[in-house]
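This report goes through the fold of a single chain, beginning with its sheet. The sequence and structure are shown first.

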Amino acid sequence: AVSGGSTPEPPEGAGAPPVTRPWLSPGRRALLALVRRSRHRQVPLRELQAGKAPPGARLGVPFLLHDLLGAQQLHSVPTAAGPLLRLAES
């Protein structure tokens, strides 16, 4: 990398800062709220995939679920009945 740029490099071992995308937030918040309101803060994956996109979400449920799993805000727990999505403990 060329030195002398105006943006400082993150310290060694530090992850990249989270990227916020305005079109992602309403859908993310809606899905997280749905899981938060559910019993034991967990929902079967099949139940979320069967539902339609929450109001305000510009992207589909599969994309939002993939994003929340990648951001580690939801965890997938394998069960005999299929994957269960659990809210990450913060």
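## Strand pairing

Gln42 has Arg86 in strand 3 as its bridge partner. The model in which this pair is found is a predicted one. Val43 lies opposite Leu85, which again belongs to strand 3. Between strand 1 and strand 3 there are three bridges, and the pairing is antiparallel.

Arg86 of strand 3 also stands opposite His75. Leu74 has Leu87 in strand 3 as its bridge partner. Strand 2 and strand 3 are joined by four bridges and run antiparallel. The two strands form a hairpin with six residues between them, where Gly82 has a positive phi near 120°.

## The sheet as a whole

What is the order of the strands in the sheet? The sheet is open, has three strands in the order 1-3-2, and is paired in the antiparallel sense. Strand 1 (42-44) and strand 2 are the edge strands; each has a single partner strand, so one side of each has no neighbour in the sheet. On average, neighbouring strands are turned by 25° against each other, with direction ignored. In general, the strands of a sheet pair through backbone hydrogen bonds, in either a parallel or an antiparallel way.

## Helices on the sheet

Two helices pack on this sheet. Helix 1 touches strand 1, strand 2 and strand 3, and its direction makes about 95° with that of strand 3. Helix 3 touches strand 2 and strand 3, and its direction makes about 95° with that of strand 2.

## The two sides of helix 3

Which residues of helix 3 are buried? They are Val61, Leu64, Leu65, Asp67 and Leu68. These residues lie on the same side of helix 3 because they cover an arc of only 160° around its axis. Pro62, His66 and Gly70 are exposed on the other side of the helix.

The buried residues of helix 3 pack against helix 1, helix 2 (45-50), strand 2 (74-77) and strand 3 (84-87). Just after helix 3 comes Gln72, with a positive phi of about 60°.

## A buried salt bridge

The chain has one salt bridge by the rule applied here. Arg28 and Asp67 form a salt bridge in which the closest N and O atoms are 2.5 Å apart. The pair links distant parts of the chain: Arg28 is in helix 1 (residues 25-37) and Asp67 in helix 3 (residues 61-70), with their positions 39 residues apart in sequence.

Are the two partners, Arg28 and Asp67, buried or exposed? Both Arg28 and Asp67 are buried. Asp67 is thus listed among the buried residues of helix 3, together with Val61, Leu64, Leu65 and Leu68.

## Positive phi before strand 1

Most residues other than glycine have a negative phi. Two residues in the loop before strand 1 depart from this pattern.

His40 has a positive phi near 60° and is not a glycine. His40 sits in the loop between helix 1 and strand 1. With a relative accessible area of 60%, His40 counts as exposed, because that value is over 50%.

Arg41 is not a glycine either, and its phi is positive at about 55°. Arg41 belongs to the loop between helix 1 and strand 1. Its relative accessibility is 45%, so Arg41 counts as partly exposed.

## Whole-chain figures

How many helices and strands does the chain have? There are three helices and three strands. Read from the N terminus, the order of elements is α-β-α-α-β-β.

Of the 90 residues in the chain, 26% are buried. The accessible surface of the chain is about 6900 Å², and 55% of this belongs to carbon and sulfur atoms. Among contacts between residues at least 6 apart in sequence, 51% join residues at least 24 apart.

Note on methods. Residues are numbered from 1 along each chain as its sequence is written. This is a predicted model: local features need pLDDT of at least 70, side-chain atom pairs count only at pLDDT 80 or more; totals for chains, interfaces and linings use all residues. Side-chain values use heavy atoms; hydrogens and water are left out. Buried means under 20% relative accessible area, exposed over 50%, partly exposed in between (1.4 Å probe, protein chains only). Contact means heavy atoms within 4.5 Å. Accessible areas come from the Shrake-Rupley method with a 1.4 Å probe; for residues, only the protein chains shown count as cover. A salt bridge is a side-chain nitrogen of Lys or Arg within 4 Å of a carboxyl oxygen of Asp or Glu. The arc is that of the directions from the helix axis to the C-beta atoms. Two strands pair if DSSP finds at least two bridges between them. Axes are lines fitted to C-alpha atoms, for helices over the stretch in contact, and angles run from 0 to 180 degrees between N-to-C directions.
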